[in-house]
Amino acid sequence: MRVLDVDGLGPVSRIGLGTWQFGSREWGYGEEYASGAARDIVRRARELGITLFDTAEVYGLGRSERILGEALGDERADVVVATKIFPVAPFPKLVRHRLAGSARRLGLPRVPLYQIHQPNPVVPDSVPMPAMRDLLDAGRIGAVGVSNYSLDRWRAADAALGRPVISNQVQFSLAHPGPLEDLVPFAERERRVVIAYSPLAQGLLGGRYSAENRPGGVRAVNPLFGTENLRRAEPLLGTLREVAAGHGVQPAQVALAWLVAQPRVVVIPGASSVAQVEANAAAGELQLADDEVAALTGAARAFRPLSAARTLVDGVRERIDDARERLGR
Ligand SMILES: NC(=O)c1ccc[n+]([C@@H]2O[C@H](COP(=O)([O-])OP(=O)(O)OC[C@H]3O[C@@H](n4cnc5c(N)ncnc54)[C@H](OP(=O)(O)O)[C@@H]3O)[C@@H](O)[C@H]2O)c1
């Protein structure tokens, strides 16, 4: 497993594991997954050399943190657990209190990476960051990260913390290549980390979904799975399949390998099965040729999905057409 050296964290596996799926209703994986498969996935991830595990206090309202902490067991302290505070009222006292809740659920005296889940549109980072700095100085956390931050806001967070905010966790995949333009060059220049979330575009880049076979749950409202966007994604998926066939691997593995081919990027794919975490970990060994990376980047930049609003309107129209057809009108 390839690793990236990160200040405050040490070596981090380029392929991590996302655990929003653990105990969260919105993925629709059910109780059996939460109490069985999720633990097996974490154990297998450890065997395969994965050392970065992402969670958040809001995932399953604390269940994801609990499941992850239990599944890691005695290895909890040997890995980089990254959790997040949802910054509704991020006043210093609350930040300390919320970290204590996460640490308790994870069974960790010290949380390696503590991230602000998203920018608060009205409360500036000068409010939570002094508390984050105190937590760093007290050794309660190993590093401070942010999530869903623009480059400007990331810089403002640096200034508010008074030292570098080490990571920014953002939506980043072949279907959402935006961070290539600004966040990745910044991370490379400043030795920071971009943590790519939804690196498989929630399964779209696995190549098995279509208008006849759409995922449900939270993904039912993801515009990428709308009919028109599935059609628009075909050229990108075609390039992905072609590169995958050349290496004898799965499209999802190429999608992850493309991300880890970027400087200072690590990925945190979620997994619905042990087989998926095995495939995803193996993607950490897959080396793409420069021309393959360039072809994938070109296909990613050429993919122009419809907005969420347009997809919603199209979806309603499709349902009306379906109903009309059934009624014979
Ligand atoms: N900071 C934030 O705001 C934020 C937002 C979203 C996510 N995240 C974090 O990022 C993590 C990953 O993002 P995500 O879960 O949204 O999306 P993702 O990792 O792109 O997609 C995960 C889903 O893709 C499918 N999959 C996984 N491996 C596969 C493989 N090898 N082949 C084919 N399909 C595969 C599985 O679903 P099926 O098998 O059911 O198709 C799995 O549940 C989350 O768990 C969470 O930790 C953070």
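Contact here means heavy atoms within 4.5 Å. Keep that in mind for the close-ups below, which all come from a predicted model.

**Close-up 1. Helix α10 and what covers it.** Let's start with helix α10, which spans residues 274–282. Its buried residues are V277, A279, N280 and A281. What sits over them? The cover includes strand β3 (17–18) along with helices α1 (30–47) and α9 (251–260).

**Close-up 2. An aromatic pair, F22 and Y33.** Aromatic rings pair up in this model, and the count comes to 8 pairs. One of them is F22 with Y33, an edge-to-face pair with 6.0 Å from centre to centre and 70° between the planes. F22 belongs to the loop between β3 and α1, while Y33 is in helix α1, so the pair ties together parts that are 11 residues apart in sequence. Are these two buried or exposed? Both F22 and Y33 are buried. They also belong to a bigger group: W20, F22, W27, Y29, Y33 and Y59 make up one aromatic cluster.

**Close-up 3. Another edge-to-face pair, Y209 and F225.** Here the ring centres are 5.7 Å apart, and the planes meet at 85°. Y209 and F225 are both in the loop between β9 (193–197) and α7 (227–232), 16 residues apart. Why do they count as buried? The cut-off is under 20% relative accessible area. Y209 has 12%, so it is buried, and F225 is buried because its relative accessibility is 3%.

**Close-up 4. A charge over a ring, R153 and Y149.** In this view, look at the face of Y149. R153 lies over it, at 5.4 Å from the ring centre.

**Close-up 5. Strand β8 between its partners β7 and β9.** Strand β8 takes in residues 167–171, and 4 of its 5 residues are buried, which makes it mostly covered. How many bridges join β7 to β8? There are 3, and the two strands run parallel. S147, for example, has Q169 in β8 as its bridge partner. With β9, strand β8 shares 5 bridges, and these strands run parallel too. Here N168 is partnered by V194 in β9.

**Close-up 6. The β-α-β units around β8.** Now add the helices to the picture. Strand β7 (residues 141–147), helix α5 (residues 151–161) and β8 make a right-handed β-α-β unit. From β8, helix α6 (residues 183–190) and β9 complete another right-handed unit of this kind.

Terms used: Residues numbered from 1 in each chain as written. Predicted model: local features only at pLDDT ≥ 70, side-chain atom pairs only at ≥ 80, totals over all residues. Heavy atoms only, no water. Buried < 20%, exposed > 50% of the residue type's maximum accessible area, 1.4 Å probe, protein only. Helix = DSSP H or I, 4+ residues; strand = E, 2+ residues; numbered from the N terminus. Phe/Tyr/Trp six-rings, centres within 6.5 Å; stacked < 30°, edge-to-face > 60°. Lys NZ or Arg CZ within 6 Å of the ring centre and 35° of its normal. Pairing = 2+ DSSP bridges. Right-handed = clockwise from strand over helix to strand, strands pointing away.
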